[in-house]
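Open the model in a viewer and keep the selection panel at hand. The stops below go from a strand pair to a sheet, then to a whole chain and its contact with a second chain.

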Amino acid sequence: MNKQTNTLIKAIAIFILGMVAAFSAKAQNASSNAVQTAKLDLSDAIELSFINGAGGTLNFTYNNATELINGKESTTQDLRVRSNKKFKVAVSSSTANFTYSGTSIVNNIIPVSTGLQVMVTANNTGGIPTLSALLGWLGLTIGGGTTLLTYCNPGGNQTFTVKYKATPGILAAPGTYTTDVVFTATQM
Amino acid sequence: MKKIIALTATLLCSLGSFAQQSSNSSQTVSMGVSSTIELTFSGSTTATGATVNLNFNTVNDYANGVTSANQELKVTSNRNYTVAVKTSSATFSYSGATSPAPAMPVGILALMIASNSTGGTIVSPFSATTYNSLSNSNQMLLNTCTAGNAKLFAVKYKATPDFAYPAGTYTVDVLYTATQL
């Protein structure tokens, strides 16, 4: 091996060492870390509301005997539940009897259980209609009411639809009869 | 006349000798400057930021998500650098009554750049106008930030678990890494 070859080998070796050093320096780029904990505190939340313009007072007007006997049906009423847990829906009336406003002192008591019925016409909650709901028209009661839907899925747009049938009966005295219908969604 | 010439010559000679007298010395000053970078939270002035609490109490919180206040970070670096972000795990840790524990993916948590004075550019899909989901893999947040002292940027978080998760406490760490270029 002559002197020129030795010099060439040395030069190549120095170049390679230089490249290795350069890559090493690149791999060792300085860095700094910082950390922060994100904590989500979720509380149970549920909301039941009327949608699509529903929720106002429903007025039934009776002008003849046939209407008093057969009753009248309302338009459909859409409701929406937003819940982070499964839930059930019940319905009840605020009073056992309609509140009467009129001049008659007789035949002015109409039990809500017979005078007003409700029916579930659509169910997009993922829940199961109870037997009471499956039977069709359901008379309203006070207190805890009657469960309509159960095991409904959590979600932000769980909807169902109801309609009412109000039947004063032929003996009802003239006047105005009112009651509030209460829907309750309860997490399970 | 000869004396005057001789005196003048002597003076010139003396001045010439004086102008040539000098003494020099030199000293080498060597500064060993290493690559230096530090990333801290402005609030805590340490590398550990205050816990960000996002509380969900109403259905609107679930539906719309909950956002945090701005979280400001500070970088001091003698070289240009990048900033990346990732979470410590793929799912939140859960503490609550539900069993088995729900697996909430960290994609529920999103981040937005609230301000940027690093001189760097925000790397897409992150932006200063919309939130982008975090992941367990490093995602470049800022690129080609310029070297300097106390360069600031701020982020804010938004969590949107929708209505899919039961009550409880869900936690995950968000890791920021500033790396010199």
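Which residue stands opposite A:Val91 in E13(A)? Select A:Val91 and look across to the partner strand: the residue there is A:Phe183. This is a predicted model.

Next, select residues 87–93 of chain A, which form strand E5. Strand E5 pairs with E13(A) in the antiparallel sense, through seven bridges.

Widen the selection to the sheet around this pair. It is an open sheet of four strands in chain A, in the order E8-E10-E5-E13, with antiparallel pairing. Colour strand E8 (128–129) and strand E13 (181–187) of chain A: each stands at an edge with a single partner strand, so one side of each has no neighbour in the sheet.

Now show the whole of chain A. Its 188 residues include four helices and 13 strands. Buried residues account for 26% of the chain. Of the contacts in chain A with a separation of 6 or more, 80% are between residues 24 or more positions apart.

Add chain B and select the contact between the chains. Chain A contributes 26 residues and chain B 47. Among the elements of chain B that each supply at least two residues to its side are helix H2 (59–64), strand E4 (71–77) and strand E11 (148–159). E12(B) gives the most, with 13 residues. By type, that side of chain B divides into 27 nonpolar, 17 polar and three charged residues.

Finish at residues 31–42 of chain A, strand E1, which runs parallel to E2(B) and is joined to it by five bridges. Here A:Lys39 stands opposite B:Asn53.

Conventions: Residues numbered from 1 in each chain as written. Chains lettered and ligands numbered in written order. Predicted model: local features only at pLDDT ≥ 70, side-chain atom pairs only at ≥ 80, totals over all residues. Buried ≥ 20, exposed ≤ 12 C-beta atoms within 10 Å, placed from the backbone. Contact = placed C-beta atoms within 7 Å. Nonpolar A, V, L, I, M, F, W, Y, C, P; charged D, E, K, R; others polar. Pairing = 2+ DSSP bridges.
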